[in-house]
Amino acid sequence: MTAPITPTLLYLDNVTVSFDGFRALNALSLAIDHAEMRAIIGPNGAGKTTMMDVITGKTQPNEGTALFEGSHDLTALDETAIAELGIGRKFQTPTVFEMHTVEDNLLLALKNKRGPLATLLSRRPAREQERIDALLERVRLTVQRHRRAGELSHGQKQWLEIGMLLAQEPKLLLIDEPAAGMTDQETADTADLLRDIARSKAVIVVEHDMTFVRDLGVKVTCLHEGSVLAEGSLDAVSANERVVEVYLGR
Amino acid sequence: MRTQSLFDRQTTVVLSLLAAAAILVPAMNGLALPGSALHLSDHLVPLLGKYVCFALLALSVDLIWGFCGILSLGHGAFFALGGYAMGMYLMRQIGARGVYSDPVLPDFMVFLNWKELPWFWYGFDWLPFAALMVLLVPGTLAFVFGWFAFRSRVTGVYFSIITQAMTFALMLAFFRNDMGLGGNNGLTDFKEILGFPVQAGSTRIALFVLSVLALAGGYLLCRWVVGSTFGKVLVAVRDAESRTRFLGYRVEHYKLAVFTLSAMLAGVAGALYVPQVGIINPSEFAPANSIEVVIWVAVGGRGTLAGAILGALLVNAGKTWFTAALPEFWLFALGGLFVFVTLFMPRGILGAANDLWERSSQKLRARRSPQPVTQAAE
Ligand SMILES: Nc1ncnc2c1ncn2[C@@H]1O[C@H](COP(=O)(O)OP(=O)(O)OP(=O)(O)O)[C@@H](O)[C@H]1O
Ligand SMILES: [Mg+2]
């Protein structure tokens, strides 16, 4: 690896992923700073989710560099190791443990020793319960704490998954379409929550809902056909002719 | 919350029933006079003991299949290996009382013209060593097998198929005389265990009670495992494996740990089974045996532990009755039962009973309280 040691938290350079010759990511480059929030927009199939797959070790890029904290080569690590480094992810379709209670979902996500022996012998200290209570409060699921996660509404599941992300205490959060299937009020609340989280952590949010992206008020990157089309403030990006042509104008 | 309290009640019920069996069976066999309605005849004691061993085997399968989604179709192999370890101990106890009266070599070795005991038979004349092997041999095989399978992320039906291949390969290996384990006759003609004659009524009672204790211990161990945070991770792996990885759990380590533990439980079941049936041979490795265990668990109710015990007892009692009354129909009955349960009781007998219980208690609550039902539900 001859990649430069960068001061940025996440550094993607020239990343290419092809599926049977089709390039889902095409020489993508992107840098995210510590405690930065970035919104990613772009048409369906632009490669937004694939980019998250590369960062979290689900997909191996055919080419390119992916560095975390300047020194960890993400392309050489698997999902578990990357999660341990401090990268958490919310999926496009909410994935929670449906048979577990809301509380247990958070318990499993809580930053703790992850080995089989540690979990087999773990006693739950009061401090842990306090953390869970605080998280439940934050994602407004205190009333639902004993319900099975599978019984929650779509929006509640999205929030539970964000709560699980917070429980992991990651340095970087990847959040794929958090507002999908939410009411306007829920969407606005989610934007508030994310802004609050971004005060102490780096966050990458993928979203199609422009009102939501505007609410976030952060730097925007527009992807198209696997590479960056435009980057800057939302106003600047939405004024870009190419962006209007391939995405916003439709 | 409701499920939690249900499990506690379930534990009480299971342990009480097992305690009752451990007391009643010896009493009905030893104290009740022959001819009285309460008397349990001698040949029924090892038969019941056999069922109890099968229940422990079913429990071990439920631990991995019900709670971690690992469908092993080769657990009969671990059961048989535990059985062989015990069988080797029992062979060594025969001493010079074999047909050929060789003081060291078991009959089949004399028959094959072998001059000395193979190295892997050393130590088996001592029960503690044999008992250790009952755990270590199946445990090691499961560990090595699981290490390769889980690391390469072999899951689902592919995993099931290679477990079938494993038990089939072992069956072929054990059929060979050069294996040094009795070839297709296996190990049999046992005389004594710890100095007590294996055929004696009192020994059989003792073995039965031991099997019940092993089942109770196995049940409590499984209950403890699935109730811990470790157990919650297992269920997470079962329901959303890749999500669990993204949370930072090493899924393959969890699978390996629970698979190895389960194989050891199966080994114990096999070890208790062999002195009660008096023989262990390669047919115990038959792929169909392992499939039958999965049917017991499915019938009783997967992922409940108690259901595995119930299923094993019911199906095997049914098998005994059928093979005596209508032998040619047993396989059809078993197949039919499996189809019926899959179609109409996907959560098994215990799952269906739980649903019924919850529905009726909900109705009861709704009737008692004047509030509308929607409010009473949560
Ligand atoms: N495993 C795969 N095999 C083949 N093609 C894939 C695979 N994963 C993604 N693709 C393709 O790569 C392209 C980029 O997909 P991706 O899911 O990253 O898009 P996206 O930007 O997240 O879109 P959306 O807004 O619809 O979620 C799509 O054309 C998709 O069909
Ligand atoms: Mg996507």
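Okay, let's start at B:Leu187. This is a predicted model, so keep that in mind as I go. If you skip the neighbours within four places in sequence, B:Leu187 touches B:Tyr84, B:Gly87, B:Met88 and B:Met91. Its contacts also take in B:Phe108, B:Trp121, B:Leu181 and B:Gly182, plus B:Gly278, B:Ile279 and B:Ile280.

So what does that residue belong to? B:Leu187 sits in the largest nonpolar core, which has 160 residues. The members that touch the most other members are A:Leu160, B:Trp121, B:Leu187 and B:Phe285. And which element puts in the largest share of this core? That's helix H2 of chain B, residues 44-68, with 15 residues. There's a second, separate core too, with 27 residues, and A:Leu12, A:Ile40, A:Phe68 and A:Leu223 are among them.

Staying with H2(B) for a moment. Its packing partner here is helix H8 of chain B, residues 229-239, and the two axes are 7 Å apart at an angle of about 60°. That angle makes H2(B) oblique to H8(B). On the H2(B) side you've got B:Gly66, B:Phe67 and B:Cys68, and they meet B:Leu234, B:Val235, B:Val237 and B:Arg238 from H8(B). Sort that contact by class and you get five nonpolar residues, one polar and one charged.

Now over to chain A and its sheets. One is an open sheet of four strands, ordered E2-E1-E4-E5, and the pairing is antiparallel. Which strands sit at the edges? Those are E2, 22-32, and E5, 72-73, each pairing on one side only. E5(A) is held to strand E4, residues 63-68 of chain A, by two bridges, with the strands running antiparallel. Look for A:Leu67 there, since A:Asp73 in E5(A) is listed as its bridge partner. Helix H1 of chain A, residues 48-55, packs on this sheet, where it touches strand E1 (10-19) and E2 of chain A. The direction of H1(A) makes about 115° with that of E1(A).

Is H1(A) mostly enclosed or open? Seven of its eight residues are buried, so H1(A) is largely enclosed by the rest of the structure. The buried ones are A:Lys48, A:Thr50, A:Met51, A:Met52, A:Asp53, A:Val54 and A:Ile55. After the helix comes A:Gly57, with a positive phi near 85°.

Back to that edge strand, E5(A), which is where A:His72 is placed. A:His72 has 29% relative accessibility, so it counts as partly exposed. Leaving out neighbours within four places in sequence, its contacts are A:Ala66, A:Leu67 and A:Leu85. And how far is A:His72 from A:Met52? They're 20 residues apart in sequence, and C-alpha to C-alpha it's 16 Å.

Next up, the other sheet in chain A. This one is open as well, with six strands in the order E6-E7-E8-E3-E9-E10, and its pairing is mixed. The edges are E6 and strand E10 (227-232) of chain A, each of which pairs on one side only. From one strand to the next, the twist averages 20°.

Let's walk across it, beginning at the E6 edge. Strand E6 of chain A, residues 87-90, has A:Ile87 and A:Arg89 pointing one way, with A:Gly88 and A:Lys90 pointing the other way, and all are buried. E6(A) runs parallel to strand E7 of chain A, residues 172-176, and four bridges join them. Opposite A:Ile87 in that pairing you'll find A:Leu172 of E7(A). Lying across E6 and E7 of chain A is helix H6, residues 154-167, running at about 175° to E6(A).

Further along, strand E3 (residues 37-41) and strand E8 (residues 202-206) of chain A pair in the parallel sense over four bridges. A:Ile40 has A:Val206 in E8(A) as its bridge partner, and A:Ile40 is also one of the residues in that second core.

E3(A) also pairs with E9(A), again in the parallel sense, over four bridges. There A:Arg38 stands opposite A:Lys219 of E9(A). Why call E9(A) largely enclosed? Five of the six residues in this strand, residues 219-224, are buried, so the rest of the structure largely encloses it.

Last stop is the far edge. E9(A) and E10(A) pair in the antiparallel sense over five bridges, and one bridge partner to look at is A:Ala230 in E10(A), matched with A:Cys222. The two strands form a hairpin with two residues between them. In that turn, A:Glu225 has a positive phi of about 50°.

Methods. Residues are numbered from 1 along each chain as its sequence is written. Chains are lettered from A and ligands numbered from 1 in the order in which they are written. This is a predicted model: local features need pLDDT of at least 70, side-chain atom pairs count only at pLDDT 80 or more; totals for chains, interfaces and linings use all residues. Side-chain values use heavy atoms; hydrogens and water are left out. A nonpolar core is a set of buried Ala, Val, Leu, Ile, Met, Phe, Trp, Tyr and Cys residues joined through side-chain atoms within 4.5 Å. Buried means under 20% relative accessible area, exposed over 50%, partly exposed in between (1.4 Å probe, protein chains only). Contact means heavy atoms within 4.5 Å. Axes are lines fitted to C-alpha atoms, for helices over the stretch in contact, and angles run from 0 to 180 degrees between N-to-C directions. Angles under 35 degrees count as roughly parallel, over 145 as roughly antiparallel, 65 to 115 as roughly perpendicular and the rest as oblique. Ala, Val, Leu, Ile, Met, Phe, Trp, Tyr, Cys and Pro count as nonpolar, Asp, Glu, Lys and Arg as charged, and the others, Gly among them, as polar. Two strands pair if DSSP finds at least two bridges between them.
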